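Good morning, colleagues. I would like to present one structure, beginning with the ligand site and ending with a small part of the fold.

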Amino acid sequence: MNDVTQFTRADWQARAAALRFRNQIWIDGRAVPAASGARFESVNPATGAVLTDVARGGAEDIDRAVASARRAFEDGRWSRKTPAERKEVLLRLAALIRENVPELALLDSLDMGKLVKDASTIDAPGSAHFFQWHAEAIDKIYDEIAPTGGRDLAMVRRVPLGVVGAVVPWNFPLDMATWKLAPALATGNSVVLKPAEQSPLSALRLAELAAEAGLPDGVLNVVPGFGEDAGQALGRHADVDCLVFTGSTAVGKMFQRYAGESNMKQVWLETGGKSPNLIFPDADLDAAADMAAFGIFFNQGEVCSANSRMLVHASIAEEMIERMAARAAQAQPGDPLDPASAMGPLVDRKHADTVMGFIASGKQAGRLVCGGERIARDASDAYVQPTIFTDLRPDARVVREEIFGPVLTIQTFKTEDEALAMANDSPYALAASVWTRDLGRALSVSDRLNAGTVSVNTVDALSAMTPFGGMKQSGFGRDLSIHSFDKYSALKTTWIKY
Ligand code: NDP
């Protein structure tokens, strides 16, 4: 039986007990230990139990991985395959991901605490879909001939960049890796991927599946390790042509510095958010509340585009607060392997400490509507209740800073201009939502919102077909869609006189 929606908690537990973890570094198509021999523990935040110990890659391992990626790129074993040939391999990888959905979903769930029901119906099938989409697109994009006229032929072609370094976070381990790998590989690059230290396991399994699909050795290397050594070594490496990153704004800025102080590699950043969700009185308030709850409690609120700031018209504020409190009551955390749970634990105890620090500051700065407590279960205290604050000062930390947890603030406005001023008063500009039945208002408010994506009468609208990324300190460059190929290719002109 492979219909994951029918799996019970006992089914998932049995599969978890039978898992074999890949816990070495993946270089040149082989699993190898770290040059230093160092290892680190991968801990299940749901229970506090150690899952396995993982090779801790450092600068020497990054060197080996980059050298392997460079060799593979230069000899053309992948970079000079035709787009149709690359498509075939990546389609096989998508099929293998589909065959292994339960395993990949479990790896992410055990590693970082997300609900296995989400990992198995959203993350892992999503990864297969994103590989398939980019694979299918790559042999349908035509290059250009410039309109020079005369006896000149100026061809403008897209060429791969070379070696891409990808540093990804722990909130969607498999999908964030996929968002970088699918377009980077489809365009013919070689990649060195560094997964987050909290969640390296699915990336290591993905590398093995890619090899099984026929990706040549050296084209994809995965170096688990810590940001300050493996991540920094990749960011500073003189033979890396392009560095793509998803994570915090603070670390994104480091990658810009690393590039400036090394070889001026291209850097593309998808960093944090503090996305506003504007609710006007003419909206379908039940639908708005349902989606707003999804927007902040899905994945424990550990989502860069989470709708963490609700801005609601004063005339409907009390009824929206009531609706949101009712939905928060339904979103209590539990065992991530239990299909009945609404949220899992946060990624680790340290992050739960950070989120609880924000909650403590929120209690000083405004009114706690519900939640606000940490919950211990199964020797883990990484669970945090869904939490809502209102009556906050505009300069409160919970209003201004990215919390990355299940914490919603609700503020009120009286006019459209006031709503827009509040919404745009943020260093971030990743996503925003608007709820109204008035089409004119929906369009004019969307036009004036600072955000890479504005969702109208929904939250966090996203697909392989639409670009995802931010403005301001949410970063630049776009994942997904045909535009994602821009980051991984350069325009090259070949001019022929005849
Ligand atoms: P980070 O930005 O620290 O981590 C993201 C990636 O960068 C990880 O692979 C990490 O490695 C790596 N990294 C960390 N420090 C360095 C460094 N000095 N040089 C090179 N690479 C580095 O996110 P955190 O996991 O620490 O989370 C902190 C906050 O960041 C969250 O609370 C949230 O606000 C935000 N965040 C945003 C995400 C998003 O999707 N936009 C995703 C994750 C976090 P390692 O894991 O080994 O530290």
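I shall describe the surroundings of the ligand and then one sheet.

This is a predicted model, in which local features need pLDDT of at least 70, side-chain atom pairs count only at pLDDT 80 or more, and totals for chains, interfaces and linings use all residues. Residues are numbered from 1 along each chain as its sequence is written, and side-chain values use heavy atoms, with hydrogens and water left out.

The ligand is surrounded by 30 residues, a residue being near if one of its heavy atoms lies within 4 Å. The closest are Trp170, Glu197, Gly227, Ser248 and Tyr258. By class, 14 are nonpolar, 12 polar and four charged; Gly counts as polar here, Tyr and Trp as nonpolar, and Asp, Glu, Lys and Arg as charged.

Which helix gives the most to this shell? That is α9, with four residues; helices are DSSP runs of H or I with at least four residues, and strands are runs of E with at least two.

As for polar contacts (pairs of N or O atoms within 3.5 Å), a polar side-chain atom of Glu197 lies 2.7 Å from a ligand oxygen. Another contact places a polar backbone atom of Val168 2.9 Å from an oxygen of the ligand.

Finally, the sheet. Three strands form an open, antiparallel sheet in the order β5-β6-β24, where pairing requires at least two DSSP bridges. Its edge strands are β5 (144-145) and β24 (489-497), each pairing on one side only. Within β5, Glu144 has Val156 of β6 as its bridge partner.

Conventions: Polar contact = N/O pair within 3.5 Å; in protein donor to acceptor, adjacent residues only side chain to side chain.
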